[in-house]
Each structure stands twice: as C-alpha cells, then as structure tokens.
Amino acid sequence: MEAEVTDATTEEVGKKSGVVWEVKNLTKLFPIKAGFIASLLGKETNVHAVNDVEFEIYDREILGIVGESGCGKTTCGRLLVRLETPTRGTMQFHGQEIGGLKGRELKRFRRSVQMIFQDPYESLNPRLSVFATIAEPLIVHSVGDTIEDREELVRKALEYAELKPPEEFMYRYPHELSGGQRQRVAIARTLVLRPRFIVADEPVSMLDVSIRAGIMNLMLNLREEYGIPFMFISHDVSVTRYMSDRIGVMYLGGFVELAGSEDVIKNPMHPYTEALLSAVPVPDPTAKHGRVKIKGDLPSPINLPPGCTFHPRCLYKKDICKSQVPEFKEVEPGHFVLCHFAGELPIVKPDDEYVTEEICKYCNATIKKGMASVQHSCGANYHEECADRVKACTVCGKEL
Ligand code: SF4
C-alpha cells in the first residue's frame, strides 16, 4: 500500500522490538443492576467478562483466540480496539498506554486499529453504497481533501480486498452483493485507513463453507504483503489453526493455554483444550478416538468458582483446585498453561488413538487413566462427577 494515509501513531516507538501489543492484568467487568435490597446494602454485582489476561502480540503475527460462547474472546478484541474501556490492567500498543485514552487521542489511536465483525449482513448499512460505506472512515478522520482523493483511496481499498475491477462494486448496495463480497467490502473498509493492527471477530463463521477459504486466504495475504498483525477470534479450532501463528484458549474470561498453534493442537496440556480438541470431528469413520467430555455447563461469570475456575467441570481436579488459583506457568518454552498439574496430566493428544474398556455408564464418555472414577459393586464404572448425579446404577438399578 502506498502512503496516502499517514500512520496515526508513527511517533510511538515500541519498547521491545517487534512487540505490537503488551497486555497485562487486563480486566473488564460489566456492572449489572443490583436488586432493591442489594442496592440498599451497597453491594455491587459484576459480570467478569475478561479476567487478568496477559499476552503479547508481535509484529506480523496472527494471534488466534478460541473458546466457547461467553468466554470473553469478543470482549478481549473490543478492548484492544477500545470499543470497551478496561476496568483494570495495562494495554500498550507500540509502547503507548491505550487503556486511559480519551477524546482526540482516542480518536487518533482508533485510526490505527480496525475491527472486522462477524456478520457482514449486519455490519454494513443497507442504505449506503459500497463507496459511501468505505469512504465513511475517511470523512470521520478527515482523510482526503476532495471527493476524487477519496474515490481513489476507496478504489485501492477495494483492490486490496480483491474486489476487482473496483468500478464494478463502488456504487452497488449491500443487497446486490453475495455474503463473501459483503465481507470483502467490510475488509476494504478496515483497510482504507491503512491500519497497523486488525481484530477479526469470527469473520468467516456466517459465510458459506465454499467462500470461507477465499476470505481466510485474503487475510493471510494482507499479513504477508503488508505485515499487518491480527487478532483472529473464532470458536472453530480448525479455522483458528489454519489462520494463526499462536493460539490462546480462553475459558471464563481468562487464558487457560497459550502457545504456538501446532503446539496447542498436537500437544495440548490443559483439560479444557483437550475437551475442545476432542470435539473436532475426525473425517474418518474408522478412527478409534475417544470423546473427552467435560461436565456440566459454563459457570456463571457473575459468581466465578473459587480456586481454578475450571474445577467444577474438570475430570482431573484434586482438592487444591477448589481453593487455590493456579499460576499461568510456562511449562515448555513459549507454552503457557493455567493448571496446578500442567505437564503431569494424561492429556489425550489428537493424534493418539486410544480405546478403553472403561466407559462411564452415565455419560458414555471414556474414563481415562488419572480421572477420578467410581466402580459400582456390579462392575459398572462412572466418572466421580457422574456418580454424584445418578442415584441408582444405570446397569443393575441398585443404589450407588
Ligand atoms: Fe483441572 Fe485442577 Fe488443572 Fe484446574 S488446576 S484444570 S481443576 S487439574
């Protein structure tokens, strides 16, 4: 890209070479309305959307974030582009603290970061033509003196987004475009200000499988050609693996595992990552692969469980997990895991084939070595968690 648009924060120089983002103890709480009695007592209730998150993003890097709905990954992305204000913590972009920016400084920062949203059917205004949609940020940031200048910038942005020839798309409206073309328009809108960082929030999950690859390759090309670092948010492990250099696995507002993409996929060390990976379908009907289940539902982010937040669902938990918060420790170089027993658990790797005689007679999932289990007098086996839920043995009908 040529330099028609000057970088918004070129005077800011990163403290560490190659570090684009340095995030420490980032926390976002959303207050919720207290009841009448609670408000009289001055009690505050919050949703813990993001909790003490720490990570760095490097130059030209794509950091993937995976996790189930409600784990805080979108809030994390919105914090980085300052669509949300952090409650606590620091977030430095090329060495400049961003968390407390206001007014003009915040507007100047926002010019250098952009976000691609999940749904191109919602994120484009149906009343605006493609030209008006892409030119809007130019007007907001007073870029380009004349309509011709802006037309030229929009034309180039469309070319970067591979909508060619741009003249064919400039004066169309969203309803005249396919889903893939709409997402390319959304990408062109993020590129027109020549951003230095992009958050892509589930950018392909609303698209047909046939056009996903085109959009993903477009983003990879943008990184290759222009060196733009990305945060790529998705609930799809396979898509995140294809896109990312490193993957952070989020659970209940915090990272539970962070490492190089292949490391996370081939050598998972956290029980939650193990369960996420085992849920990925294997395109081989003969594969003898156990399905690792986790118990129960995601706990409420209003009242976080004490100790390890994953302990109510973890099949490996021990007493210490219920009371002590584990450390996010570097188990292998660059491989961080939030678990008291990281590196010691018999975590199943996706390439492992295992068949076991021990199947829980309540949930039908595998009882692996190291998991807390109960054997009934009739010989039926149960996960300890499952045994708590059933009163009578599902095999012999006698009390457990
Ligand atoms: Fe499971 Fe305990 Fe590790 Fe948490 S700390 S993931 S409960 S084993």
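What share of the 400 residues in the chain is made up of buried residues? Buried residues make up 39% of them, where a residue is buried if 20 or more other C-beta atoms lie within 10 Å of its own, exposed if 12 or fewer, and partly exposed in between, with C-beta atoms placed from the backbone. This is a predicted model, in which local features need pLDDT of at least 70 and side-chain atom pairs count only at pLDDT 80 or more, while totals for chains, interfaces and linings use all residues. Residues are numbered from 1 along each chain as its sequence is written.

## Overall content

The chain has 14 helices and 14 strands. Helices (H or I, at least four residues) and strands (E, at least two) are DSSP runs, numbered from the N terminus. Of the contacts with a separation of 6 or more, 63% are between residues 24 or more positions apart; two residues are in contact if their C-beta atoms, placed from the backbone, lie within 7 Å.

## The four-stranded sheet

One open sheet has four strands in the order β2-β1-β4-β5, with antiparallel pairing. Its edge strands are β2 and β5, and each pairs on one side only. Two strands pair if DSSP finds at least two bridges between them. The pairings in this sheet are listed below.

| Strand | Partner strand | Sense | Bridges |
|---|---|---|---|
| β1 (residues 19-32) | β2 (residues 45-58) | antiparallel | ten bridges |
| β1 | β4 (residues 88-93) | antiparallel | five bridges |
| β4 | β5 (residues 96-97) | antiparallel | two bridges |

Between β1 and β2, leucine 26 stands opposite valine 53 in β2. On the pairing with β4, threonine 27 stands opposite arginine 88. Towards β5, phenylalanine 93 has glutamine 96 as its bridge partner, and glutamine 92 stands opposite glutamate 97. The hairpin of β4 and β5 has two residues between the strands, and histidine 94 takes a positive phi near 50 degrees there.

Helix α2 (residues 73-80) lies across β1, β2 and β4 and runs at about 65 degrees to β2. Axes are lines fitted to C-alpha atoms, for helices over the stretch in contact, and angles run from 0 to 180 degrees between N-to-C directions.

## The eight-stranded sheet

A further open sheet has eight strands in the order β6-β7-β8-β3-β9-β10-β12-β11, with mixed pairing. β6 (113-116) and β11 stand at the edges with a single partner strand each, so one side of each is left without a neighbour in the sheet. The twist averages 20 degrees from one strand to the next.

At the β6 edge, β6 and β7 (residues 197-201) pair in the parallel sense over four bridges, and glutamine 114 stands opposite isoleucine 198 in β7. Helix α12 (residues 271-278) packs on the sheet, where it touches β3, β9 and β10 (254-260), and its direction makes about 105 degrees with that of β9. Helix α2 also appears here: α2 lies across β3 (62-66), β6, β7, β8 (230-234) and β9 (246-251), running at about 155 degrees to β8.

Glycine 334 is placed in the loop between β11 (328-332) and β12 (335-338). Glycine 334 is exposed, because 11 other C-beta atoms lie within 10 Å. Its C-alpha is 5.7 Å from that of alanine 259, although the two are 75 residues apart in sequence. Leaving aside neighbours within four places in sequence, glycine 334 is in contact with Ala259 and Gly260.

## Helix pairs

The axes of α5 (residues 130-140) and α6 (residues 147-160) come within 10 Å and cross at roughly 110 degrees. The two helices are therefore roughly perpendicular to each other; angles under 35 degrees count as roughly parallel, over 145 as roughly antiparallel, 65 to 115 as roughly perpendicular and the rest as oblique. Their crossing is right-handed, a crossing being left-handed if the near helix is turned anticlockwise from the far one by less than a right angle, and right-handed if clockwise. Phe131, Ile134, Ala135 and Leu138 in α5 meet Arg150, Leu153, Val154 and Ala157 in α6. By class, the residues of this contact are seven nonpolar, no polar and one charged. Ala, Val, Leu, Ile, Met, Phe, Trp, Tyr, Cys and Pro count as nonpolar, Asp, Glu, Lys and Arg as charged, and the others, Gly among them, as polar.

Helices α8 (residues 179-191) and α9 (residues 209-226) pack at an angle of about 15 degrees, with their axes 10 Å apart. α8 and α9 are therefore roughly parallel to each other, and α8 passes α9 in a right-handed crossing. Gly179, Gly180, Gln183 and Ile187 of α8 make the contact with Ile211, Gly214, Ile215 and Leu218 of α9. The contact of α8 with α9 has four nonpolar, four polar and no charged residues.
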